Every structure is written in structure tokens, then in C-alpha cells.
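This report describes the architecture of a single model, proceeding from its sheets to its helix contacts and to selected residues.

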Amino acid sequence: MSKSIVILGATGSIGEQALDVARKGGYTVLGLAAGSNIDKLEAAAREFSVQAVALFDENKAAVLKARLADTDIKVYGGEEGVCRVAGIKADITLNSIVGIAGLRPTFAAIEAGNDIALANKETLVTAGDLVNKAMKERGLKLLPVDSEHSAIFQSLQGSPEKSLTKIILTASGGPFYGKTAAELEKVTVADALKHPNWSMGAKITIDSATLMNKGLEVIEAVHLFGLSADDIEVLVHRQSILHSAVEFSDGAVIGQLGTPDMRLPIQYAFTYPDRGELCCERLSLADVGTMTFARPDTKTFRCLQLCIDAIKAGGLKPAAVNGANEEAVALFLAGKIKFLDIPRLVELAFNAQPEVKDFTLEDVFEADRRARALVRAEVDN
Ligand code: NAD
Ligand code: MG
């Protein structure tokens with residue numbers, strides 16, 4: 001029997017690739033949600049004859065509802081609507097919404113008792129402890145989709161998790177690898193959007209240029225695999241072929257290699273523990289020829305270090321740096337701040353966030369709001 005899935009963020013880079021995997025793999029797609037793209041969501045809803053769709057933008061949801069009036073497909077709007085679709089009972093909910101906007105829908109999927117294929121790393125960055133606890137209580141599986149975390153997850157299969165001693169988290173280095181702070185002063189939005197190896201949504205592409213993405217991934221790895229940040233080594237690997245690796249207690253290092261194509265980690269999350277058919281270009285190591293590894297420059301690319309400091313401090317620091325970054329990236333994309341303002345604003349929010357031990361989901365949203373407000377106030381001044 002084919003698995004049933006719900007796809008959140010269905011019109012985005014990951015969402016569209018997930019639809020491709022679902023199409024080829026014959027999956028039953030029960031629900032789709034997105035932010036505001038009516039055309040793409042309508043087309044996918046009709047193609048997969050889904051039960052329900054939702055758009056975060058309420059006005060656009062009303063337009064979509066009129067357009068789908070000739071079908072039985074239910075149409076919802078707003079965050080509540082997105083959570084309704086996230087909560088449709090299915091084998092797997094894929095969350096590929098961008099940003100903390102994915103957090104409440106993650107909890108809606110948990111409430112429904114669905115396993116979660118997670119691309120939305122901000123879910124774990126901001127509220128990893130709460131998510132892990134809620135999933136554990138219900139006995140649900142969290143299947144990583146982020147390529148590095150999928151690689152780690154794949155590398156762990158067949159070995160006892162207690163023998164894991166270290167994670168090697170690879171990074172492409174982004175478009176500005178090797179640049180000095182003086183050179184980074186002058187980079188433009190167009191420069192930052194030119195990722196060397198991956199085609200992705202705008203926010204994560206900027207995060208890759210600042211190395212914030214790798215910082216978020218360190219936090220994500222801490223929550224997924226239970227190691228401390230000190231046991232996660234980030235290495236710049238320009239070819240993006242070794243997607244990440246693990247080291248075991250006996251010194252053995254096992255990694256997953258492949259061409260840079262997100263359809264493989266998406267498909268593995270759907271087929272786990274089985275493996276599907278070839279979905280991307282086959283890897284030829286002879287064509288790759290050389291693989292290189294180097295330590296990242298955390299002094300020039302401050303965001304990576306700030307994330308490491310945030311997860312070590314714990315509490316709401318990760319939510320604060322994430323919120324400040326989301327706001328700063330939006331301002332950078334809108335041409336309102338410079339590239340190096342991003343780490344500066346993230347650091348400001350890091351310092352402003354008090355250390356706390358226990359917190360609730362609403363505290364996470366509050367820390368996010370405070371960090372965003374701080375960034376906006378700083379830019380308006
Ligand atoms: P994207 O910008 O291409 O797509 C984002 C999707 O989220 C769109 O469908 C958009 O409509 C939807 N969305 C935005 N706000 C929403 C809201 N409030 N409610 C419901 N839907 C909303 O982004 P992407 O590159 O596909 O990335 C999605 C997530 O996956 C991010 O967390 C990113 O870090 C992660 N990720 C992406 C890649 C990649 O290759 N693109 C790789 C690893 C991880
Ligand atoms: Mg990644």
C-alpha cells in the first residue's frame with residue numbers, strides 16, 4: 001500500500017521536488033498548504049485530487065476556494081487553515097514551510113499522530129526540546145530531510161546510536177567562501193543569491209551565504225542526534241558530494257555521498273526504512289575526481305559561531321538568533337540593509353535575549369517577536 005502524505009510548503013523549492021517524488025513514487029497526497037501561490041497550489045490540488053488545501057494568505061485562500069468550487073476539495077485560510085491541513089491524519093506530514101511559520105503546523109501534525117518528514121529546520125532550532133518531547137510521548141518518527149541530516153541519519157542505520165561519538169557536518173561554503181570582511185562589505189543581493197551547488201528558496205540561499213544555515217544545522221543536529229555542539233565538526237567541502245558523516249566509538253567514519261539533489265533525502269524520508277528507485281543523477285566519483293575539506297572561517301562568517309554559542313547557552317537564545325536572522329534576511333532581500341548587517345543584528349539579538357531554563361511554546365514565539373522588533377528598531381534608527 002502506498003503511503004499517504006501531506007505536504008506543507010508545497011509551492012516552494014522543497015515542496016515542488018516533494019511533489020515530483022510523490023508523483024513518481026505513486027504516493028497518495030491528502031493535503032497541501034502554502035503561503036500565497038494560488039496557481040501552483042490549485043494545479044497540484046487538482047493533479048493529486050487532495051482532500052484539502054490551505055493558503056496562509058486569507059484573501060488568496062478565498063480566491064482559491066472560488067477556483068476549486070467545481071471540486072470536493074476543502075479550502076482553508078490563515079495559520080489556522082494551514083494547521084488544519086497539517087493535522088490531516090496521514091502516514092507522513094512533510095513540513096517544508098520556510099521559517100518559524102512552520103512551528104505551529106509541526107505541532108498540528110504531531111497532534112494528529114503523523115510521522116514528520118522535516119525540512120523546516122527552524123522548527124527544531126526554535127523549539128527542538130518541545131518538539132522532541134511531544135513526538136516521544138506519542139511514539140512518532142522525525143525523519144530529517146535537510147540533506148546533511150538525512151546523510152547523518154542514513155549513516156547511522158545499522159549501528160547502535162550510543163556508539164556515535166562525532167558528527168561531521170559538511171558545508172559548501174556558499175558563494176562567498178574565502179572572502180574577507182572588507183570584501184563582504186560590498187556584496188549585493190544578486191551576489192548572495194548565486195549559490196554554487198544548490199538551487200533553493202531565497203531565505204536559505206542567503207543563510208548559506210552568511211553560514212547562518214550551517215549554524216542552524218548545528219542546532220538542528222543537536223536536537224536530532226543528541227550530541228553536544230562540541231561533538232559536531234563543521235567542514236567546508238566545496239564539491240557538496242559528501243553530504244555529511246558520522247564517527248563511531250571505534251574511529252570508523254561513515255558518510256553518505258551523492259549528487260547535490262534534494263529529491264534523494266526527500267524520497268528517503270518517504271521510503272524509510274526501505275529504499276526507492278533512482279530519483280536523481282547517479283554519482284560518478286571518477287567524474288568528481290577530488291574532494292576537499294577545510295575548517296570554516298567563523299571569524300568572518302559570524303553567524304555560524306553565534307548559532308553554536310546559542311545552542312550551548314540553550315533556552316530561548318536559539319529562537320532569538322533565528323528570529324533576528326529571519327527579519328534581517330527579509331530586510332537584506334528588500335535592499336534595506338547590507339550583507340554584514342545580518343551578523344551584526346543577529347549578535348544584537350543574541351546578547352539581548354536573557355538566559356532562561358524552562359520555557360513554553362508561547363515563550364518561543366515571544367522571544368521570536370522580541371528579536372524581530374529589536375532588529376526593526378535598530379534598522380529604523
Ligand atoms: P521556499 O521559499 O522555496 O518555499 C517555502 C514554502 O513555504 C512555500 O511553499 C511558501 O508558500 C510556504 N510558506 C511560506 N510562509 C508560509 C506560511 N506562513 N504558511 C504556510 N506556508 C508558508 O523555501 P525552501 O527553499 O523550499 O525551504 C523550505 C524549508 O526547507 C526551509 O526551512 C529551508 O531551510 C529548508 N531546506 C530547504 C532546502 C532546499 O534545497 N531548498 C534544503 C534543506 C532545507
Ligand atoms: Mg542543509
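## Basis and conventions

Two strands are taken to pair if DSSP finds at least two bridges between them. Helices (H or I, at least four residues) and strands (E, at least two) are DSSP runs, numbered from the N terminus.

This is a predicted model, in which local features need pLDDT of at least 70 and side-chain atom pairs count only at pLDDT 80 or more, whereas totals for chains, interfaces and linings use all residues. Residues are numbered from 1 along each chain as its sequence is written, chains are lettered from A and ligands numbered from 1 in the order in which they are written, and side-chain values use heavy atoms, with hydrogens and water left out.

## The seven-stranded sheet

An open sheet of 7 strands follows the order S4-S3-S2-S1-S5-S6-S7, and its pairing is parallel. Strand S4 (74-77) and S7 occupy the edges with a single partner strand each, so one side of each has no neighbour in the sheet. On average, neighbouring strands of this sheet are turned by 20° against each other, direction ignored; here axes are lines fitted to C-alpha atoms, for helices over the stretch in contact, and angles run from 0 to 180 degrees between N-to-C directions.

Strand S6 (residues 115-118) pairs on one hand with strand S5 (residues 92-95), in parallel and through 4 bridges, with Leu94 opposite Ala117. With strand S7 (residues 142-144), S6 forms 3 bridges, also in the parallel sense, and Ile116 stands opposite Leu142. In a regular strand the side chains alternate between the two faces of the sheet. In S6, Asp115 and Ala117 point one way, Ile116 and Leu118 point the other way, and all are buried (under 20% relative accessible area, against over 50% for exposed and partly exposed in between, with a 1.4 Å probe and protein chains only).

## Crossovers and the enclosed helix H5

Two β-α-β units include S6. S5, helix H5 (residues 103-112) and S6 make a right-handed unit, and S6, helix H6 (residues 121-138) and S7 make another right-handed unit. A crossover is right-handed if, with the strands pointing away from the viewer, the path from the first strand over the helix to the second runs clockwise.

Because 8 of its 10 residues are buried, H5 is largely enclosed by the rest of the structure. The buried residues are Leu103, Pro105, Thr106, Phe107, Ala108, Ala109, Ile110 and Ala112. They pack against strand S1 (4-8), helix H4 (78-86), S5, S6, H6 and H17, where contact means heavy atoms within 4.5 Å. Gly113, which follows H5, has a positive phi near 80°.

## The four-stranded sheet and helix H7

A further open sheet has 4 strands in the order S9-S8-S10-S11, with mixed pairing. S9 and strand S11 (253-257) stand at the edges with a single partner strand each, so one side of each lacks a neighbour in the sheet. Strand S10 (residues 242-248) and S11 are antiparallel and share 5 bridges; Leu242 has Leu257 as its bridge partner in S11.

Helix H7 lies across strand S8 (164-171), S10 and S11, at about 40° to S10. Gln154 of H7 is buried, with a relative accessible area of 10%. Beyond residues up to four places away in sequence, Gln154 touches Gln256, Leu264, Tyr268 and Arg275.

## Helix-helix crossings

The axes of helix H7 (residues 147-156) and H11 come within 10 Å and cross at roughly 30°. This crossing of H7 and H11 is right-handed (the near helix is turned clockwise from the far one by less than a right angle; anticlockwise would be left-handed). Glu148, His149, Ile152, Phe153 and Leu156 of H7 meet Lys214, Glu217, Glu220, Ala221, Leu224 and Phe225 of H11.

Helix H16 (residues 341-352) and helix H17 (residues 361-380) have axes that come within 10 Å and cross at roughly 130°. Arg344, Leu345, Leu348, Ala349 and Ala352 of H16 make this contact with Ala371, Leu374, Val375, Glu378 and Val379 of H17.

## Asp231

Asp231 belongs to the loop between helix H11 (212-225) and strand S9 (232-236). Asp231 is partly exposed, with a relative accessible area of 30%. Its C-alpha atom is separated by 7.0 Å from that of Thr165, 66 residues apart along the chain. Leaving aside neighbours within four places in sequence, Asp231 is in contact with Thr165, Lys166 and Ile167.
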